[in-house]
Amino acid sequence: MSSKELFHFKNPRTKTLHLTWIAFFISFFAWFNMAPLAGTMIESVGWLTKDHMSALAIINVALTIPARIVIGMLLDKYGPRRVFSILLIAMAFPTFMFAFGDSWMQLFISRLLLSSIGASFVVGIRMVSEWFPPKSVGFAEGFYAGWGNFGSAAAAIVLPWLAITLFGGDDGWRYAIAFSGLACFIYGIIYWFVVSDTPEGKVYQKPRKTAAMEVSSYGDMIQLIVWTVPLVGALGLLSWRLKNLQFISEQALIIIYISLIFILVFQIVQILRVNLPILKEGVPEDDKYKFKNVAALNTTYFANFGAELAIVSMLPLFFLSTFGLTVTAAGLIASSFAFVNLFARPFGGWLSDKMTSRKTVMLIYMFGIGLGLIGMGLINSEWPLIFAVAITVLTSMFIQGAEGATFAVIPLIKKRITGQISGMAGAYGNVGAVVYLTIFTLVTPQTFFFILASGAFASFIFCLLFLDEPKGSHSEEYQLSSVDLAQHEKQLKEKQAKGA
């Protein structure tokens, strides 16, 4: 796909791409509607404190991790049009509840529910992969993610203006947040009617089972179980942070830990229930894939998206304290991370499309992230500010380009389970953020950057050893196995039966 094609709005696939990134944009606009209004909320609500806002910030990502896994399963079964539309409409209600909540419990519950909207990213990845062939899917996925992700920056720019200038008064922040919920509700309805899951004449490929990811060997099944554990563990870490902020009791923390153990056991049972019959029957050779490729991309997204979320959270204060800047100046410098997303992430996907080897592109980006973060760890007050800003922007370009390169590979691993693969990799990005932000509370900013660099280099080594070059990664069509073709025929017969 060329950049010129982005302006061919009558082209069905270009139209679908634009409608889908707008859906993602609105999702992130609503998800990040609290941070830019935190100060206003504290001023207008007498009992709200900075500790309350810190707890709400933790809660704001709590359900994103499991939601990305669940949404990945649902969209593989029901298709992205339905899932994206319903998710947007459903998330409007906790947004309204948060906007007009007048007790801590209302704010707590509504923010917890709203954290599920972070799973929206996964839905568009599957939609875009249905409309774009392997040779151009990288740029399309990068454009979708880069421009959609800008919704968080738009919230920071637009919502304070809405709250203070347009609505005004003590309740201005409430109407501004409600506005983001209204946008979700309206666009969810629009999206249902204006897009389709696939181009005309193409059948939507569904997995045989959706309760857990299909694998190709017993060894891969063990790997899937092992890589499932940190997804639950991150929720335990979030709960521990809430306990330290004294928003949940020791008894509540124990109950949460026990519940998470039950959830983990349930998920392991689902993995076994789905895969043991498939493995006993035997997986056809042309239908096999290696889970190590999924694991490799889990590490890249942990190291790049996890680092991005962590850095964005601490960067304003870092520049404020290191260079003695004003709050406004430090905020503008920190916002460069979000603005770079607009072109760095599409460029990472485009580069993956154009280079002979997608693996090589991934390795270059991960190594570049490591070097950039080492450079940021060396920043001190003696540096010229312009050099510090330059190394920050350069590192951001590598981080977000790597995100684009990651999701340029994901649709090529195993097409019919793209939702589940992107759900797991996406969840690992949030796991990375949880782990890194917890570490940040224990070390200096300089040490923190070096730890982030270590994560990037560890991912580089993992990808070097275990990531395979995807088959047919620059072809006109996705590779279909004998199982895919059988599923295809089954779906056609079901469709014909319904039409009879």
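In which helix is aspartate 353 found? Hi everyone, let's start there. Aspartate 353 sits in helix H14, which covers residues 327-354. A quick reminder before I go on: what you see above is a predicted model.

So, is aspartate 353 buried or exposed? With a relative accessibility of 6%, aspartate 353 counts as buried, because the cut-off for that class is under 20%. Leaving aside residues up to four places away in sequence, aspartate 353 touches Pro134, Lys135, Ser136, Val137, Gly138 and Phe139, together with Arg358 and His474.

Arg358 takes us to the next topic, since Arg358 is also one of the H15 residues that make the contact with H16. For a pair like this, the description consists of the angle between the two helix axes and the distance between them. Here, H15 (residues 358-377) and H16 (residues 385-409) pack at about 155°, and their axes are 8 Å apart. That angle is over 145, so H15 is roughly antiparallel to H16. The crossing of the two helices is left-handed. On the H15 side, the contact residues include Val361, Ile364, Gly368, Gly372 and Met376. From H16, among them are Ile391, Thr395, Phe398, Gly401 and Ala405. Sorted by class, this contact has 16 nonpolar residues, seven polar and one charged.

Now for the core. The largest nonpolar core has 153 residues, and those touching the most other members are Phe121, Tyr144, Phe291, Ile311, Phe319 and Met424. Which helix gives the most to this core? That would be H13, residues 291-323, with 17 residues. If you'd like to click on one core residue, try methionine 424. Not counting residues up to four places away in sequence, methionine 424 touches Ile69, Met213, Leu224, Trp227, Thr228, Leu231, Phe291, Val294 and Asn298.

Two more stops, and then I'm done. Glutamine 246 lies in the loop between helix H11 (218-244) and helix H12 (250-281). Its phi is near 65°, a positive value in a residue other than glycine. Glutamine 246 has a relative accessible area of 71%, which means that this residue is exposed, the cut-off being over 50%.

Moving into H12 itself, we find isoleucine 263. At 46% relative accessible area, isoleucine 263 is partly exposed. Isoleucine 263 and glycine 233 are 30 residues apart along the chain, and their C-alpha atoms are separated by 11 Å.

Thanks for listening, everyone!

Conventions: Residues are numbered from 1 along each chain as its sequence is written. This is a predicted model: local features need pLDDT of at least 70, side-chain atom pairs count only at pLDDT 80 or more; totals for chains, interfaces and linings use all residues. Side-chain values use heavy atoms; hydrogens and water are left out. Axes are lines fitted to C-alpha atoms, for helices over the stretch in contact, and angles run from 0 to 180 degrees between N-to-C directions. Helices (H or I, at least four residues) and strands (E, at least two) are DSSP runs, numbered from the N terminus. Angles under 35 degrees count as roughly parallel, over 145 as roughly antiparallel, 65 to 115 as roughly perpendicular and the rest as oblique. A crossing is left-handed if the near helix is turned anticlockwise from the far one by less than a right angle, and right-handed if clockwise. Contact means heavy atoms within 4.5 Å. Ala, Val, Leu, Ile, Met, Phe, Trp, Tyr, Cys and Pro count as nonpolar, Asp, Glu, Lys and Arg as charged, and the others, Gly among them, as polar. Buried means under 20% relative accessible area, exposed over 50%, partly exposed in between (1.4 Å probe, protein chains only). A nonpolar core is a set of buried Ala, Val, Leu, Ile, Met, Phe, Trp, Tyr and Cys residues joined through side-chain atoms within 4.5 Å.
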